[in-house]
Amino acid sequence: MKQATPPQRIEPLENARIEWEDGAPWSKEYQDIYFSRAGGLDETRHVFIHGNDLSSRWRQQDRPGRVFVIGELGFGTGLNFLTTWQHWRETGCRHLRLHFISCEKHPLTREALQQALAQWPALGEYSEQLLTQYPDHTPGYHRLLLGNEHDGEVTLDLYYGDALDTLEQQSNPQVRIDAWFLDGFTPKHNPGLWTDALLEIVARLSAPGTTLSSYSVTGRVVRALKALGFEVEKRKGFAHKRHMLHACLPHGRTDSGTDEHNPARTEGREALVIGAGLAGSTVAWSLARRGYRVTVLESRGETAQGASGNPQAVLQCRLNRQPDALWQLNLLAFLHASRFYSVLQAQGHDFDWRPCGVLTLDGAYENTRKAPGADTYCHYPPQVLRRVTRGEASDICGLPVTDDGLFLPEGGWLNPVRLCHALLSRPGITVETGERVTALHRDEETDIWCVSTDAEGGQREWHAPVVVLACSHAVRELDQTADLPVLPLRGQISQLPDNASSRELRTVICGKSYLAPASGENRHCLGASYRKNSTDTSLSEEEHREVLSGVTPFLPTLRKTEEARPARASVRGSSADFVPLAGQVPDPGAWRSIYGGAQHPGRKSQPLHSHYLPGLYVSAGHGSHGMAGCPLSAEHIAALVSGEPSPLPTQCAQLIDPWRFMARRARRQAARYP
């Protein structure tokens, strides 16, 4: 039997080493400038914006449901992106969305980026938004949601790492790039951004009509692009440069990325989302942002009545001891969620998002086999997670504590009920409550799903080409997802009235239980108990005592704990491997159709990974970390639905793909019958 491949170790990110010459950054690694001394803004407009004829193309494609995707090799100071964003807004497109992907192996630190952009006051409004969300650490994909509904929404994906590796890791095979900015350091000093292998990836991700521009007209690059099918010409360069490069992939090429085959470029899209908790609300929001008309069906009489109905919920990162794909998935999801909640709140949605940090004391690990040591989590960037002494922990949280611990500065708490209301209030979303889904059926001729529900007025039917199941462990009540291992996980919280002492608490603190700072109702939430395979929501005095005892040993100054009361019990959905299920639903009949009812697969059986149910997706099994996982899972699902770039590299997308359980079944059977 073939040995399992060990998890691939992910190397830490190294920031750019720069020097400053007359206020401009100079790369020490590549011995080259970041932008032209003759005028960086004008160079960007000449080489990239005018070089790709963006204004005209944007106006031609300004229709509902359309997205224009730009790929860039070399983010640098972000000057190209910010200038493009400004120009796109000035173009005045009402419907077309802008999606910008940029690869960067050595990102500038936040401080260096701020210093570099300070010399472009005309971009100040855009620079401020970028700097507010800009991550300068952690390899992998970082999705930044910029702009707003009123003046245009922009998606920026920063791919930190080797450009060839990160572009190859794009997990959505439907993705096509409309225009490329080749803006790495000069081929002489940075040959890695101009290799034939990288240009082949550029061509593979392009579609008929894709354009490409660059300041470089190096002969080897020109010849490589021509060999890949691009029509290449030299145009007048900027300032002292004689030439620049322009290339276009001709429309005559047959390719799966044409408009007719790419769902990202179709109109009149509709979707049904089953469940109005956090998983369903984030999916509905992400789909509506892409121009979908979304109907959310909720079985209860109100939204956010399940596990999303607690008065306070904590955002923290699920920690991993090895820097592998699971570490990257959990970390990127946490960072995205923190940015996402901050952006929503800055846009005027009030759901009590308090990014006050989360402090986890060492006592939280008393019941585990292996408590963390001083170096256990050293692979986390210090901006994300740092070790603190007992004294530092006391200063951070505002109350004396008895343990050392770990501090997550970007964690915090919010009101999940109000968050769901804010997400579902977005234009394009309609919520129908009291609609319990009983069955799904797909019409093979029309590719439309029929969703049957029971309601007070009797049975009803709903129709849409896309359905997303976000109804926690209730997904197992439907034939198509009955085999997905989403299990009920009961959790109970307690509440404690605040007092003069407890009001000093400045951050969420976690022992064996968590304690959140006082809410606007002058109460603290404590939680949560953990009971597998239980759907009982009645209050338990035993679990209340368990929750309370999990916090009080670490807060000796906290008084009046006898006033705490059990407050609420709810049921979360947890997957069998404690990793969410987010993606397209595998066909449960694939096993039988491929193997004809055989109990073991043959050696030459076709793979199962291509057997999914068209138009059916799921977001479930988030367990106790839904605050961190739901927003990024929603973006991933919306990207798969619409044919847009996923925010997840392949190795992370595979971890949450519902197909993984069918794949494991196949491997077990193959091992049993070699």
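Colleague: What makes E29 and R17 a salt bridge?

Modeller: The closest N and O atoms of E29 and R17 are 3.5 Å apart. A salt bridge needs a side-chain nitrogen of Lys or Arg within 4 Å of a carboxyl oxygen of Asp or Glu, so the pair qualifies. E29 sits in the loop between β2 (24–27) and β3 (32–33), and R17 in the segment before β1 (18–21). The two residues are 12 apart, and the pair links distant parts of the chain.

Colleague: What kind of model is this, and how are values taken?

Modeller: This is a predicted model: local features need pLDDT of at least 70, side-chain atom pairs count only at pLDDT 80 or more, and totals for chains, interfaces and linings use all residues. Residues are numbered from 1 along each chain as its sequence is written, and side-chain values use heavy atoms, with hydrogens and water left out.

Colleague: How do you know whether E29 is buried or exposed?

Modeller: The relative accessible area of E29 is 26%. Buried means under 20%, exposed over 50%, and partly exposed in between (1.4 Å probe, protein chains only). E29 is therefore partly exposed. R17, at 43%, is partly exposed too.

Colleague: Which pair has both residues exposed?

Modeller: R9 and E11 are both exposed. They also form a salt bridge, with the closest N and O atoms 4.0 Å apart.

Colleague: What makes E435 and R460 a salt bridge?

Modeller: Their closest N and O atoms are 2.7 Å apart. That is within the 4 Å limit, so the pair counts. E435 lies in the loop between β19 (429–433) and β20 (436–443), and R460 in strand β22 (residues 458–464). The pair therefore ties together parts that are 25 residues apart in sequence. E435 has a relative accessible area of 3%, so E435 is buried. R460, at 39%, is partly exposed.

Colleague: Which residues do shared partners join into one network?

Modeller: Salt bridges with shared partners join R97, R143, D157, R290, E635 and E644. The structure holds 29 salt bridges.

Colleague: Why are α9 and α15 called oblique?

Modeller: Helix α9 (residues 278–289) and helix α15 (residues 626–642) pack at about 40 degrees, with axes 8 Å apart. Angles under 35 degrees count as roughly parallel, over 145 as roughly antiparallel, 65 to 115 as roughly perpendicular and the rest as oblique. At about 40 degrees, α9 is therefore oblique to α15. The axes are lines fitted to C-alpha atoms over the stretch in contact, and angles run from 0 to 180 degrees between N-to-C directions. Helices (H or I, at least four residues) and strands (E, at least two) are DSSP runs, numbered from the N terminus.

Colleague: Which hand does the crossing of α9 and α15 have?

Modeller: It is right-handed. A crossing is right-handed if the near helix is turned clockwise from the far one by less than a right angle, and left-handed if anticlockwise.

Colleague: What makes the contact between α9 and α15?

Modeller: From α9 come L278, A279, T282, V283, W285, S286 and L287. From α15 come G626, M627, C630, P631, A634, E635, I637, A638 and V641. Contact means heavy atoms within 4.5 Å. These residues divide into 12 nonpolar, 3 polar and 1 charged. Nonpolar covers Ala, Val, Leu, Ile, Met, Phe, Trp, Tyr, Cys and Pro; charged covers Asp, Glu, Lys and Arg; the others, Gly among them, are polar.

Colleague: Why are α3 and α5 called oblique?

Modeller: Helix α3 (residues 79–91) and helix α5 (residues 124–133) cross at roughly 125 degrees, and their axes come within 10 Å. That angle falls in neither the 65 to 115 range nor the range over 145, so the pair is oblique. The crossing is right-handed. Its contact is made by L82, W85, Q86 and R89 of α3 and E125, Y126, S127, Q129 and L130 of α5. They divide into 4 nonpolar, 3 polar and 2 charged.

Colleague: How do you know whether S102 is buried or exposed?

Modeller: S102 has a relative accessible area of 0%, so S102 is buried. S102 is found in strand β5 (residues 97–104). Not counting residues up to four places away, S102 touches E72, G74, F75, D157, L158 and Y159.

Colleague: And why is G209 in β9 called buried?

Modeller: G209 has a relative accessible area of 17%, under the 20% limit, so G209 is buried. G209 lies in strand β9 (residues 206–214). The C-alpha atoms of G209 and L249 are separated by 5.3 Å, though the residues are 40 apart along the chain.
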